[in-house]
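Biologist: Please take a close look at one part of this structure, the place where two helices from separate chains pack. Then carry on from there to the surroundings and the rings.

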Amino acid sequence: MELTSEELAILNGDEGKARQFAMEILVKVGESCNAKRLIPIDSVHLVLHAYKSAFTAGVEAAERIAEMGGRFTVPTTIDPCGMDTEDWRAARTPEDYAKMQIRLNNAVMKMGVIPVWTCTPYYGFNLPRFGENIAWSESSAVSFANTVCGARTNRQSAIIDICMGIIGKAPEMGLYLDENRKGEVLIQLNVGRPLKQWEYPALGFLLGKKLGSRIGVIDGMKGSPSQDNLKSLCAAAAASGSVALLHIVGITPEARSVEDAFSGNIPEETISVREEDLLNIRKEMNTHEGEEIDFVALGCPHYSINEMIRVRDILNGRKIHESVTMWIFANSYAIKLSEEMGIREELEKAGIIIRAETCMIISPLSEWGFKTIMTDSGKCTHYAPMECKTDIVFASTEECVESAVAGHVVMEV
Amino acid sequence: MKELKGHVVVNGTAEGNAIVTGQPFGFFGGVDPTTGIIMDTWHELHGENIKGKVFVFPEGMGSTVGAAIILELVRTGCAPVAMLNNKTEIITAAGGVIAKKFYDKDLPMIDGFDCNIVDEIKTGDYVKILEDGTVIITEKE
C-alpha cells in the first residue's frame, strides 16, 4: 500500500503506541484486501458494543487499545448497549454479564465514543450526506447510509472500526470506489402499488437471500416510502444476506434511473418480485405454528419516535393482554421525545416496557425463558432463533400490537 | 491429490479436514464461539463443528461484529485452522489479522482462486495450506 509521510510517521510510532497499533492494523487489513491507499473518513460507527457479541476477547481488545492511549479523532458513534442502560437489573441482566458490559462501556468511553447507544445513528446526530466517505460497521446502518443517504462505506468490521476512529482513515476499496457501486442485479418489483408496512422488511429478507453481497437495483417502487420503511428493508437485507447497497430507483441519490444505477453494467440476473413472492417469504419467516405467543418485541433496528407514536395510535387506549410481555427498544433520543410528548407514559400504562438503548438480539434475553417472539422486524426474524433461542412470528406492526392485546397471534393475511 | 493457488488474505500454514458449504456464512449468530458448533438454524451446516477444521465457504454475510466472534473462537481454542473463500470480506479478514496481533495465533485465510473453491473441496477432504497461498487437497477415501 502507498503511504504518505504522515502515515509512515504514525506507523513508525512517532504519534504514540495506540496510533501506531491502529495504523499497523489498517495497513494489514488494507493489504489483505488489495487497497492501494488510505482515505480520510468523516465519521465512524462502532459495533464492538455488547458483551453478548463482543465476548471476553472483544472486551479485552477494547481495553488494550484504550490503555495504549487510543482516542477517536473523528465523530464516533456506537451500536446498542448489551443491556438496558436505564435499569439492567430490572431487565434480569446477570451480574457477571453486567460487569463485562461495564468494562466494555468504560473502554470505549475512554476513547471518546459519543454515548448514544443505537443502531440508528442517522436518526439525529450522525447523518451522512450524499457522496460523503464514512466508515461504519453495523450492517443495517451501512445499508441505510449507502442506499438512502448516498454516503459511502463498506461493511466495516468490529475492532477495525476502532482503528479507523483513531486514525480517521479507512482503506480505499469496495464501495468507496465508483466502479464498485454499479448495479449488478435488476429487481423488478411488480406489485403495482405502494408496499404495505410489513412488505418492506419482507422484501429485504427476500433480497438478502437472493443477492448475497451483490448490488441490487430495485425498479418499480411505488409511492413514497418513509425512512422507517427503508430502515426496515435495509436492515433485513443486511441480515439475511450481506447487502451493503441497494439502488432503489427514484430514492437512492445515485439512482435517478435504472441506467444511472447500472452505469453501463449489464444486469447479470433479473429477479421479479410479485405480491405472492412477498406472501411466500412471509410464510418462511414464521417458525411457529400455533397461535400462542408470550413476547412481542419491536425496535430492531431501534424504533423512531414516529414508530412509537404509531404503536400508541394503534393501541388507542387499550391495554396489552396479561399473558403477553411487550417491549419496545429505542435510543435515548427517541425515549426523551416520547417522555416529553407523554407517549412513554401512555405506552407504559398499556403495559408496554420501554427498553433503553439495547435490543432483543444483543442483550441476554434468554434469561426470560420466552418461547415465541412476535416482531415486525425482518432483521430480528433472522437472528432471534439463534440469539434469543425462541421461535419467531413475523408480522406487521399492527398485527403485533393486535396480538399483544388479544393474547394470541392475530393475522390479517 | 490436487493443488490450487489463491490470494493470501492472512498468511500462515495449516492443515486439517475440510468442512465445506456453498452458502455464505456469518459468524455472529452463526457459530457458538465457546464450542465451534454452528448454531445458525437457517444454515445447512447447523449442528456441525468447525473447530480445528479447514472451513470453506463462498463469502461472509450478516453482522459486522463477526471479527469479534472469530477472535473469541481463537481465544477459546475453538477456531478453524484456516478459512478458504471465493471472496474474504473485511469482517472475516479482520478476525485473522487481530488474532495474530492479540493472541499470536495464525489463522490463514486464502481467497481469489481461479475456480469456485466450494466446488473443488468436499467435506472430509484433507487440506494443506502453504505460506504462499498454495492449497493441497487430498480427497477423502
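Modeller: What follows starts at the helix contact and moves outward to a loop, further helices and the aromatic rings.

This is a predicted model, in which local features need pLDDT of at least 70, side-chain atom pairs count only at pLDDT 80 or more, and totals for chains, interfaces and linings use all residues. Residues are numbered from 1 along each chain as its sequence is written, chains are lettered from A and ligands numbered from 1 in the order in which they are written, and side-chain values use heavy atoms, with hydrogens and water left out.

Two packed helices are described by the angle between their axes and the distance between the axes. Here helix H3 (residues 51–67) of chain A packs on helix H1 (residues 66–76) of chain B at an angle of about 85°, and the axes are 8 Å apart. Helices (H or I, at least four residues) are DSSP runs, numbered from the N terminus; axes are lines fitted to C-alpha atoms over the stretch in contact, and angles run from 0 to 180 degrees between N-to-C directions. H3(A) and H1(B) are therefore roughly perpendicular to each other, a term that covers 65 to 115 degrees.

On the H3(A) side the contact (heavy atoms within 4.5 Å) is made by Ser53(A), Ala54(A), Phe55(A), Thr56(A), Ala57(A), Glu60(A) and Ala61(A). H1(B) contributes Ala68(B), Ile69(B), Leu71(B), Glu72(B) and Arg75(B). By class, the contact has seven nonpolar, two polar and three charged residues, where Ala, Val, Leu, Ile, Met, Phe, Trp, Tyr, Cys and Pro count as nonpolar, Asp, Glu, Lys and Arg as charged, and the others, Gly among them, as polar.

Thr56(A), in helix H3 of chain A, is buried, with a relative accessible area of 14%. Buried means under 20% relative accessible area, exposed over 50%, and partly exposed in between (1.4 Å probe, protein chains only). Not counting residues up to four places away in sequence, Thr56(A) touches Tyr51(A), Met100(A), Glu72(B) and Arg75(B).

Ser157(A) also touches chain B: its contacts, again leaving out residues up to four places away in sequence, include Thr64(B), Ala67(B), Ile90(B), Ile91(B) and Ala94(B). Ser157(A) is found in the loop between helix H5 (139–149) and H6 of chain A, and Ser157(A) is buried, with a relative accessible area of 0%. In helix H6 (residues 160–167) of chain A, eight of its eight residues are buried. H6(A) is followed by Gly168(A), whose phi is positive, near 80°.

Lys110(A), in helix H4 (residues 95–110) of chain A, is partly exposed, with a relative accessible area of 45%. Beyond residues up to four places away in sequence, Lys110(A) touches Ala66(A), Glu67(A), Gly70(A) and Arg71(A).

Now the rings. The structure holds 19 aromatic pairs over all chains; rings of Phe, Tyr and Trp (its six-membered ring) pair if their centres lie within 6.5 Å, with planes under 30 degrees apart counted as stacked, over 60 as edge-to-face and the rest as tilted. Trp368(A) and Phe370(A) are stacked, 5.8 Å centre to centre with 10° between the planes, and both are buried. Ring pairs link Trp368(A) and Phe370(A) with Phe295(A), Trp327(A) and Phe329(A) into a cluster. The charged end of Arg92(A) sits over the ring of Trp368(A), 3.8 Å from its centre; this term requires NZ of Lys or CZ of Arg within 6 Å of the ring centre and within 35 degrees of the ring normal.

Note on methods. Helix = DSSP H or I, 4+ residues; strand = E, 2+ residues; numbered from the N terminus. Parallel < 35°, antiparallel > 145°, perpendicular 65-115°, else oblique.
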